[in-house]
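Me: I have a model open beside me and would like to learn how to read it. Could you take me through it feature by feature?

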Amino acid sequence: MKRFGDFTAVDGIDVSVAPGEAFGFLGPNGAGKSSTMRMIACVSMPTAGELRILGKDPAVHGSEIRARLGVCPQLDNLDPDLSVRENLTTYARYFGLSRQEARRRAEELLEFAQLTEKAASQVEPLSGGMKRRLTIARAMVNDPDLVLLDEPTTGLDPQARHLLWERLFRLKQEGKTLVLTTHYMDEAEQLCDRLVVMDGGRIVAEGSPRALIERYSTAEVVELRFGVLRPADLVGKLEGVGERVDPLPDRILVYTGDGDAAVAEVHRRGLAPSSVLVRRSSLEDVFLHLTGRRLVD
Amino acid sequence: MAHPTLAVLERNLLLYRRLWRASVFSSVVLPVLFVLSIGLGVGGYVGGIGGTDYLSWIVPGVLASTAFQIGVGECTYTVLGDFRWVRSYHAMRATPVDIWDMLRGWLLYVLLRVEVAVVVFLVVSAAFGALHSPWALVTPLVCALLGLAVAAPVTAFAATVEHDSYFALLFRFVMIPSTLFAGVFFPVEQLPGLVRPLAYVSPLWHAVELCRAATLGGAPPWPVAAHVACLAVFAVAGLWWANRAFRKRLED
Ligand SMILES: Nc1ncnc2c1ncn2[C@@H]1O[C@H](COP(=O)(O)OP(=O)(O)O)[C@@H](O)[C@H]1O
Ligand SMILES: [Mg+2]
């Protein structure tokens, strides 16, 4: 539980993450993801409730816990006037590594972040994706037991995101425990073994991406667009097609086990959608179903 | 294992490597030029003060005010920037570095800057025969205490404000008056009785009097312990305030 004055940002959440697991907090802006992450990082104290990180109490063992965490915050806080390599060595020194060890570790991590060629460059001119990779590499200097990633790929172009996912996937394969937040469905589906969906400071659902989709959605979704016709007016005519019909402002979603059969039924009823898309159900649909809202507008 | 305080100091020194050229002029060359032109030039007209030639009289004043300027100047934009834009303190906060490490690492860096400027200034003053007592050797200690007495509260102030326009107020209403009325250029006895208490609350005045007593070989106006205590109060209160300000800023 976290309050800022009268405002409750995190309103009683109950989660536990096992070692080696990749765990996600999925939710829209303002859901309370960062507030939760900052409590896990032992930077801000919960207003109420019980919190144990790596089995210890942050109020008592904050510094000891932080020594074993790797934190990639939502806002980059690299030193823009230091070189890429110096950013790594300086940070390594904060964890008490010797100068020599810090340099050795920096070379390894430059390799990991694919920034070896940029080692002597200053941080300022790097692209967003490179800065993000450097921040993640920096979070690894102390070989952490638990890695916290707050919206690791927000604001990056698709290519940079895929490169980052690939790096994070490698960490996961090395057996690191990852806790990440995101408002991208595909990111959560790619990286998380298990996740909770957060909204307004509360958990609205919990499970693996597949289990959530199975529980709250159907195997396939048909997206129908009808040009100028208002989706809301057409819902009546689609009654009984698929398991559920959901009108959005610009299109209608039909949740169904069999997309092609649903499309055939739509045509049989004499409706002529201007466009038809059959796709697999995603966490986006889960979120929409649970909250009635879309994740990213 | 490196102490986290040292790690923070190292970061500040590493950054300084990139801008030392710019700062050498203002913190080392300028005070030397200043004291020579005023001391030798103006001194030719005013003669001496209390039986001392003017150059020897203002050297300890400019010495202390150099420490004062560095202590104030370093701790404004840099500290605010490290919180607001660089967020380097937020970065440290996620590591075992604690708030006292951040403060000690930062203030040690500022004191190093102060000491380098003070020692260069002393050597030049000695070359011009402006030091008259072996007690001059304690002036770097006095300047270190003064440096802390201003750097700590100014750091706290910079960690509290949201915008750099507050620094203009700090310079205009705190720094300039306390430089003018601190016995750097003329004895505070020349000030009207009403204004004189301003000197007594300025940490600079206490340091100026201690330095002057040291370089000229006399006794300061108040007991040495009283001057030192005044500076220590500023330093301790400043540290306490800075710790609170950092904690508050980093917690939410
Ligand atoms: N330091 C703070 N003071 C006041 N309100 C805050 C503070 N930090 C976050 N909030 C509020 O708490 C809510 C949750 O914020 P946050 O945890 O950053 O959400 P998310 O990361 O999911 O976007 C938001 O409404 C935000 O405005
Ligand atoms: Mg956030």
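Reply: Happily; we will go from ground rules to the overall chain, the interface, the metal site and some loops.

Me: What ground rules should I keep in mind?

Reply: This is a predicted model, in which local features need pLDDT of at least 70 and side-chain atom pairs count only at pLDDT 80 or more, while totals for chains, interfaces and linings use all residues. Residues are numbered from 1 along each chain as its sequence is written, chains are lettered from A and ligands numbered from 1 in the order in which they are written, and side-chain values use heavy atoms, with hydrogens and water left out.

Me: How many helices and strands are there in chain A?

Reply: Helices (H or I, at least four residues) and strands (E, at least two) are DSSP runs, numbered from the N terminus. Chain A has 11 helices and 12 strands, and its C-alpha trace spans about 75 × 45 × 35 Å along the principal axes.

Me: What share of chain A counts as buried?

Reply: Buried means under 20% relative accessible area, exposed means over 50%, and partly exposed lies in between (1.4 Å probe, protein chains only). By that rule, 52% of the 297 residues of chain A are buried.

Me: Which helix makes a good example of burial, and what covers it?

Reply: Try α3(A), where 10 of the 11 residues are buried. Among them are Val84(A), Leu88(A), Tyr91(A) and Tyr94(A). The cover over these buried residues includes α4 (99-112) and α5 (128-139) of chain A, together with α1 and α5 of chain B. Just after α3(A), Gly96(A) takes a positive phi of about 85°.

Me: That brings in chain B. How many residues of chain B are in contact with chain A?

Reply: Contact means heavy atoms within 4.5 Å. With that cut-off, 24 residues of chain B touch 29 residues of chain A.

Me: And how is the size of such an interface given?

Reply: The size of an interface is often given as the accessible area lost when the parts come together. Here buried area is the accessible area (1.4 Å probe) that two parts lose on being put together, summed over both. For chain B and chain A this is about 2,300 Å², 55% of it on carbon and sulfur atoms. On the chain B side, Arg18(B), Ala94(B) and Pro96(B) lose the most area to chain A, together 23% of what that side buries.

Me: How many salt bridges and polar contacts lie between the two chains?

Reply: A salt bridge is a side-chain nitrogen of Lys or Arg within 4 Å of a carboxyl oxygen of Asp or Glu. Between chain B and chain A the count is 5 salt bridges. In one of these, Arg11(B) pairs with Asp79(A), their closest N and O atoms being 2.7 Å apart. A polar contact is a pair of N or O atoms within 3.5 Å; within protein, one must be able to donate a hydrogen and the other to accept it, and residues adjacent in sequence count only if both atoms are side-chain atoms. The interface of chain B and chain A has 9 residue pairs in polar contact (both at pLDDT 80 or more). On the chain B side, the elements giving two or more residues are α1 (4-16), α5 (88-93) and α11 (224-251). The most come from α1(B), with 6 residues.

Me: Now the metal. Which residues coordinate the magnesium ion?

Reply: Donors are N, O and S atoms within 2.8 Å of the metal (3.2 Å for Na, K and Ca); water is not among the atoms, so sites may look incomplete. The magnesium ion (ligand 2) is coordinated by Ser34(A) through OG and Gln74(A) through OE1, at 2.0 to 2.2 Å. Ser34(A) sits in helix α1 (residues 33-40) of chain A and Gln74(A) in the loop between β4 (69-72) and α3 (84-94), so the pair ties together parts that are 40 residues apart in sequence. Gln74(A) is partly exposed, at 36% relative accessible area.

Me: Last, the loops. What should I make of backbone angles there?

Reply: Most residues other than glycine have a negative phi, and most peptide bonds are trans. Leu54(A) is not a glycine, yet has a positive phi of about 50°. Leu54(A) lies in the loop between α1 and α2 (58-66) of chain A and is partly exposed at 31% relative accessibility. Gln114(A), also not a glycine, has a positive phi of about 55°. The loop between α4 and α5 of chain A holds Gln114(A), which is partly exposed at 41% relative accessibility.

Me: Is Ser202(B) buried or exposed?

Reply: Ser202(B) is buried, at 2% relative accessibility. Ser202(B) lies in the loop between α9 (196-200) and α10 (203-216) of chain B. Leaving aside neighbours within four places in sequence, Ser202(B) is in contact with Ser178(B) and Ala182(B).
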